[in-house]
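Me: I am new to reading protein models, and I would like each descriptive word to be set against its cut-off. Could you go slowly and show how every label is earned?

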Amino acid sequence: HADLMWAGMLAHNNSCGIGRDQDWASHQIEHELSAFYDCAHGAGLAVVMPAWMEYVCGHDVMRFARFAVNVFGCEMDFAHPERTAQAGIRRLRDFFRTLGMPATLEEVGGRAEDIPAMVAHRCEKPNGFPFGGFVKIQEVDMEAILRRCANCLRRRKFHLEQQNSPKERFLGGVFRWFITLRIRHTSSRG
């Protein structure tokens with residue numbers, strides 16, 4: 001429990017971001033999912049983050065390859081680092097699935113027909129476009145990322161590449177418990 005609390009504190013007080021360029025583009029895109037479908041922020045990020053990563057990966061393939069190796073233990077393919085990067089993104093999506101998180105726009109109650117309206121809604125906000133630090137996201141980019149969210153399962157069937165560790169199972173249980181509480185709280189507000 002202490003590790004979970006420590007990780008939450010680090011995530012929310014910006015300690016990990018000090019002195020680094022940060023990119024919150026996936027969060028900005030997810031805010032539209034929450035606005036349209038009242039889904040929990042973490043659930044929306046489970047859908048958006050892998051799609052955003054796939055979309056921007058070509059801007060710095062080695063960044064995503066390092067992520068794959070360092071976070072998920074993927075084997076580095078030095079001849080084709082894009083394969084390593086894609087393997088890491090797949091494992092991230094698979095990990096979210098083991099936590100019971102959604103992987104597609106449909107799974108958070110979304111519809112592909114709403115994508116233009118979500119982009120238009122973002123346009124209405126002050127400083128709507130471009131946004132993002134790593135890659136500047138324009139309207140066309142946001143629409144393409146959301147379409148990836150809508151088409152995720154058509155591109156690749158979910159499969160687990162390896163068994164979860166006990167710690168991952170514990171964190172998955174905590175995550176599911178938190179999401180259940182969020183859903184109950186949202187439902188009780190009517």
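Reply: Let us begin with one pair of helices, where the crossing of α2 and α6 is right-handed. This is a predicted model, in which local features need pLDDT of at least 70 and side-chain atom pairs count only at pLDDT 80 or more, while totals for chains, interfaces and linings use all residues. Residues are numbered from 1 along each chain as its sequence is written, and side-chain values use heavy atoms, with hydrogens and water left out.

Me: What makes the crossing of α2 and α6 right-handed or left-handed?

Reply: The rule compares the near helix with the far one: turned anticlockwise by less than a right angle, the crossing is left-handed, and turned clockwise it is right-handed. The crossing of α2 and α6 falls under the right-handed case.

Me: Why is α2 called roughly perpendicular to α6?

Reply: Helix α2 (residues 25-37) and helix α6 (residues 115-123) pack at an angle of about 115 degrees, with their axes 10 Å apart. The axes are lines fitted to C-alpha atoms, for helices over the stretch in contact, and the angles run from 0 to 180 degrees between N-to-C directions. Angles under 35 degrees count as roughly parallel, over 145 as roughly antiparallel, 65 to 115 as roughly perpendicular, and the rest as oblique, and α2 is accordingly roughly perpendicular to α6.

Me: Which residues make the contact between α2 and α6?

Reply: Contact means heavy atoms within 4.5 Å, and here Q28, E32, L33, A35, F36 and Y37 of α2 meet A117, M118, H121 and R122 of α6. For sorting them, Ala, Val, Leu, Ile, Met, Phe, Trp, Tyr, Cys and Pro count as nonpolar, Asp, Glu, Lys and Arg as charged, and the others, Gly among them, as polar. The contact of α2 with α6 then has six nonpolar, two polar and two charged residues.

Me: Why are α2 and α3 called oblique to each other?

Reply: Helix α3 covers residues 41-56, and α2 packs with α3 at about 130 degrees, their axes being 8 Å apart. Set against the bands for angles, this value makes α2 and α3 oblique to each other. The crossing, as with any label of handedness, is judged separately, and α2 passes α3 in a right-handed one.

Me: What makes α4 and α5 oblique?

Reply: The axes of helix α4 (residues 61-72) and helix α5 (residues 81-98) come within 7 Å and cross at roughly 50 degrees, and α4 and α5 are therefore oblique. Their crossing is left-handed. Among the residues in this contact are F64, F67 and F72 of α4 and I89, L92 and F95 of α5, and the full set divides into 13 nonpolar, two polar and two charged.

Me: What counts as a helix, and how many does the protein have?

Reply: Helices are DSSP runs of H or I with at least four residues, strands are runs of E with at least two, and both are numbered from the N terminus. The protein comes to eight helices and zero strands.

Me: Why are the buried residues of α6 said to line one face?

Reply: A residue is buried under 20% relative accessible area, exposed over 50% and partly exposed in between, with a 1.4 Å probe and protein chains only. In α6, I115, M118, V119 and R122 are buried. Seen down the axis of α6, these buried residues fall within an arc of 95 degrees, so they line one face of the helix; the arc is that of the directions from the helix axis to the C-beta atoms. Over the 190 residues of the protein, 38% count as buried.

Me: Why do D38, N127 and A144 carry the exposure labels they do?

Reply: D38, in the loop between α2 and α3, has 42% relative accessibility and so counts as partly exposed. N127, in the loop between α6 and α7, has 70% and so counts as exposed. A144, which lies in helix α7, has 26% and so counts as partly exposed.

Me: What is notable about the backbone of D38, N127 and P130?

Reply: Most residues other than glycine have a negative phi, and most peptide bonds are trans. D38 has a positive phi near 55 degrees without being a glycine, and N127 likewise has a positive phi of about 55 degrees. The peptide bond from F129 to P130 is cis, with omega near -10 degrees, and P130 is found in the loop between α6 and α7.
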